[in-house]
Amino acid sequence: CSALAVLHARLLLEAQRELAYTTMSIKQISLGLGFADAAYFTRFFERLAGSTPSAWRTLANKPG
């Protein structure tokens with residue numbers, strides 16, 4: 001893995017944790033992770049995770 005791939009994986013992991021365990025908005029999470037634009041964060045997340053942050057949060061917080 002390249003250094004950039006490791007960094008992206010770490011950002012994705014932190015984003016997933018914050019989506020699952022906090023009630024912060026996607027914009028707040030994106031700014032907290034260093035993204036200047038929530039839309040760019042959404043594209044980044046979707047490219048790596050395969051779903052949008054909103055969809056991922058819904059699935060992560062689904063009971064059962």
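This report walks through the core, the helix packing, the salt bridges and a few single residues of a predicted model.

## The nonpolar core

Let's start on the inside. The largest nonpolar core is built from 11 residues: Leu-11, Leu-12, Ala-15, Leu-19, Ile-26, Ile-29, Leu-33, Phe-35, Phe-41, Phe-44 and Phe-45. Three helices each give two or more residues to this core, namely α1 (3-21), α2 (26-32) and α3 (38-49). The top contributor is α1, which supplies four residues. As a general rule for soluble globular proteins, nonpolar side chains tend to be buried together.

Ile-29 is a handy core residue to click on. Setting aside residues up to four places away in sequence, Ile-29 touches Ala-15, Glu-18, Leu-19, Thr-22, Met-24, Phe-41 and Arg-57. Among those partners, Ala-15, Leu-19 and Phe-41 are fellow members of the core.

## How α1 meets α3

Next, take the pair α1 and α3. Their axes are 11 Å apart, and the two helices pack at an angle of about 105 degrees. Angles of 65 to 115 degrees count as roughly perpendicular, so that is the label for α1 against α3. On the α1 side, the contact is made by His-8, Leu-11, Leu-12, Ala-15, Gln-16 and Leu-19, while α3 brings Phe-41, Phe-44, Phe-45, Arg-47, Leu-48 and Ala-49. Sorted by type, the residues of this contact come out as nine nonpolar, two polar and one charged.

His-8 sits in helix α1 and is one of the residues in that contact. Leaving out neighbours within four places in sequence, His-8 is in contact with Phe-44, Arg-47 and Leu-48. How far apart are the C-alpha atoms of His-8 and Phe-45? They are separated by 9.4 Å, with the two positions 37 residues apart along the chain counted as their spacing.

## Salt bridges along α1

Now for the charged side chains. How many salt bridges does the structure hold? There are two. In one, the side chains of Arg-10 and Glu-14 meet at 3.6 Å, N to O. Both residues lie in helix α1, four residues apart, which is about one turn of the helix. The other pairs the side chains of Glu-14 and Arg-17, at 3.9 Å, N to O. Glu-14 and Arg-17 are also separated by about one helical turn, because they are three residues apart in helix α1. Through shared partners, the salt bridges join Arg-10, Glu-14 and Arg-17 into one network.

Are these side chains hidden away or open to solvent? Each one falls in between. Arg-10 counts as partly exposed, at 43% relative accessibility. Arg-17 is partly exposed too, at 40%. Glu-14 has a relative accessible area of 22%, so it is also partly exposed, given that buried means under 20%. If you want to place Glu-14 against the rest of the chain, its C-alpha is 13 Å from that of Trp-56, a residue 42 positions apart from it in sequence.

## Loop residues Asp-37 and Ser-51

Two loop positions are also worth a look. Asp-37 lies in the loop between α2 and α3. With a relative accessible area of 41%, Asp-37 is partly exposed. The C-alpha atoms of Asp-37 and Arg-17 are separated by 19 Å, and the two residues are 20 residues apart along the chain.

Ser-51 is found in the loop between α3 and α4 (53-60). Is Ser-51 buried or exposed? Ser-51 counts as buried, because its relative accessibility is 16% and the cut-off for buried is under 20%. Not counting residues up to four places away in sequence, Ser-51 touches Phe-45, Glu-46 and Trp-56. Of these, Phe-45 belongs to the nonpolar core.

## Lys-27 on α2

Last stop is Lys-27, which lies in helix α2. Its relative accessible area is 55%, so Lys-27 is exposed. The C-alpha atoms of Lys-27 and Pro-63 are separated by 25 Å, and the two are 36 residues apart along the chain.

Key
Residues are numbered from 1 along each chain as its sequence is written. This is a predicted model: local features need pLDDT of at least 70, side-chain atom pairs count only at pLDDT 80 or more; totals for chains, interfaces and linings use all residues. Side-chain values use heavy atoms; hydrogens and water are left out. A nonpolar core is a set of buried Ala, Val, Leu, Ile, Met, Phe, Trp, Tyr and Cys residues joined through side-chain atoms within 4.5 Å. Buried means under 20% relative accessible area, exposed over 50%, partly exposed in between (1.4 Å probe, protein chains only). Contact means heavy atoms within 4.5 Å. Axes are lines fitted to C-alpha atoms, for helices over the stretch in contact, and angles run from 0 to 180 degrees between N-to-C directions. Angles under 35 degrees count as roughly parallel, over 145 as roughly antiparallel, 65 to 115 as roughly perpendicular and the rest as oblique. Ala, Val, Leu, Ile, Met, Phe, Trp, Tyr, Cys and Pro count as nonpolar, Asp, Glu, Lys and Arg as charged, and the others, Gly among them, as polar. A salt bridge is a side-chain nitrogen of Lys or Arg within 4 Å of a carboxyl oxygen of Asp or Glu.
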